[in-house]
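Visitor: I am new here and would like a friendly tour. Could you take me through it step by step?

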Amino acid sequence: MMKLLKKYKEIITYIIFGVLTTLVSWGTYAIFVNLLSMSVFVGNLLSWICAVAFAYVTNKLWVFDSKSWKASVIVKEIISFVASRGVTGVIEIVAVPLLAKTGFDNIFYNILEKMNISLGILFTDGIYSKIVLAVIVVILNYFFSKFIIFKKKKTEDK
């Protein structure tokens with residue numbers, strides 16, 4: 001069991017901190033919009049910034065073990081991290097409504113209907129497109145982080 005945990009530590013910690021990042025996003029969004037009476041746009045933007053900052057720190061320290069604290073390394077990591085999250089954010093923003101408009105969600109609605117499953121939230125317009133895109137975005141973010149942002153040099157791997 002410990003061998004498996006050690007072997008998949010990076011993926012496991014990535015998933016754990018991904019869930020926590022989502023909670024940071026949702027929690028700060030609720031605070032900004034409900035407690036501080038910000039607009040949905042501003043609250044969402046600020047919650048995205050909080051979530052990306054949280055994700056950068058946790059990915060650097062605990063997921064990908066990036067040890068360097070040189071200013072040049074930090075600046076490069078932050079810029080590439082924010083840029084990659086921006087790219088996957090745009091992909092999600094564009095692709096969810098596009099998939100929903102093409103009827104992608106109907107596949108899942110029909111399957112659930114045939115199984116006599118009626119879950120209210122799962123019948124929200126575009127929800128299946130959003131779920132599928134969230135999985136794709138998580139995978140893309142992992143690959144950007146592992147192979148571009150926090151890529152270990154050959155000498156570090158030995």
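**A walk through the helices**

Guide: Let us begin with K146, which is partly exposed, with a relative accessible area of 28%. Please keep in mind that the model is predicted.

Visitor: Which side chain does K146 meet in a salt bridge?

Guide: A salt bridge needs a side-chain nitrogen of Lys or Arg within 4 Å of a carboxyl oxygen of Asp or Glu. For K146 the N to O distance is 2.9 Å, and the partner is E10.

Visitor: How many residues apart in sequence are the parts that this pair ties together?

Guide: The side chains of E10 and K146 meet in a salt bridge. E10 belongs to helix 2 and K146 to helix 6, so the pair ties together parts of the chain whose separation in sequence is 136 residues.

Visitor: What is the distance between the closest N and O atoms of E77 and K60?

Guide: E77 sits in helix 4 and K60 in helix 3, 17 residues apart, so this pair links distant parts of the chain. The two form a salt bridge, and their closest N and O atoms are separated by 3.0 Å.

Visitor: Is K60 buried or exposed?

Guide: The word buried applies under 20% relative accessible area. E77 has a value of 3% and is buried. For K60 the relative accessible area is 1%, which makes K60 buried.

Visitor: Which residue does K130 meet in a salt bridge?

Guide: K130 is partly exposed, with a relative accessible area of 42%. Its pair links distant parts of the chain, with K130 in helix 6 and a partner 38 residues apart in helix 4. The N to O distance is 3.2 Å, and the partner is E92.

Visitor: How many salt bridges does the structure hold?

Guide: We have met some of them, including E10 with K146 and E77 with K60. The count for the structure is 4.

Visitor: Which helices do the buried residues of helix 6 pack against?

Guide: Helix 6 covers residues 127-149, and its buried residues include Y128, L133, V137, N141 and I149. Their packing partners are helix 2 (9-35), helix 3 (40-63), helix 4 and helix 5 (104-114).

Visitor: Which residues is T88 in contact with, leaving aside its neighbours within four places in sequence?

Guide: T88 has its place in helix 4. With a relative accessible area of 2%, T88 is buried. Leaving aside neighbours within four places in sequence, its contacts are V137, L140, N141 and F144.

Visitor: Which residues gather in a patch of positive charge on the surface?

Guide: The protein has 18 positive and 9 negative side chains, and the centres of the two sets lie 11 Å apart. One member of the patch, K76, lies in helix 4, which spans residues 71-101. The residues that gather there are K70, K76, K151 and K153.

Visitor: What share of the residues in the protein is buried?

Guide: The protein has 7 helices and 0 strands, and its C-alpha atoms fill a box of roughly 55 × 45 × 30 Å along the principal axes. It exposes about 10900 Å², with carbon and sulfur atoms supplying 74% of that area. Out of 158 residues, the buried share is 29%.

Visitor: Among contacts with a separation of 6 or more, what percentage comes from residues 24 or more positions apart?

Guide: Salt bridges gave us one example of distant parts being linked, with E77 in helix 4 and K60 in helix 3. For the contacts in the protein with a separation of 6 or more, residues 24 or more positions apart account for 64%.

Key. Residues numbered from 1 in each chain as written. Predicted model: local features only at pLDDT ≥ 70, side-chain atom pairs only at ≥ 80, totals over all residues. Heavy atoms only, no water. Patch = residues over 30% accessible without salt bridge, like charges linked within 9 Å, V, L, I, M, F, W, Y side chains within 5 Å. Areas by Shrake-Rupley, 256 points an atom, 1.4 Å probe, with all protein chains shown as cover. Lys, Arg positive; Asp, Glu negative; His and termini not counted. Charge placed at Lys NZ, Arg CZ, Asp CG, Glu CD. Helix = DSSP H or I, 4+ residues; strand = E, 2+ residues; numbered from the N terminus. Buried < 20%, exposed > 50% of the residue type's maximum accessible area, 1.4 Å probe, protein only. Contact = heavy atoms within 4.5 Å.
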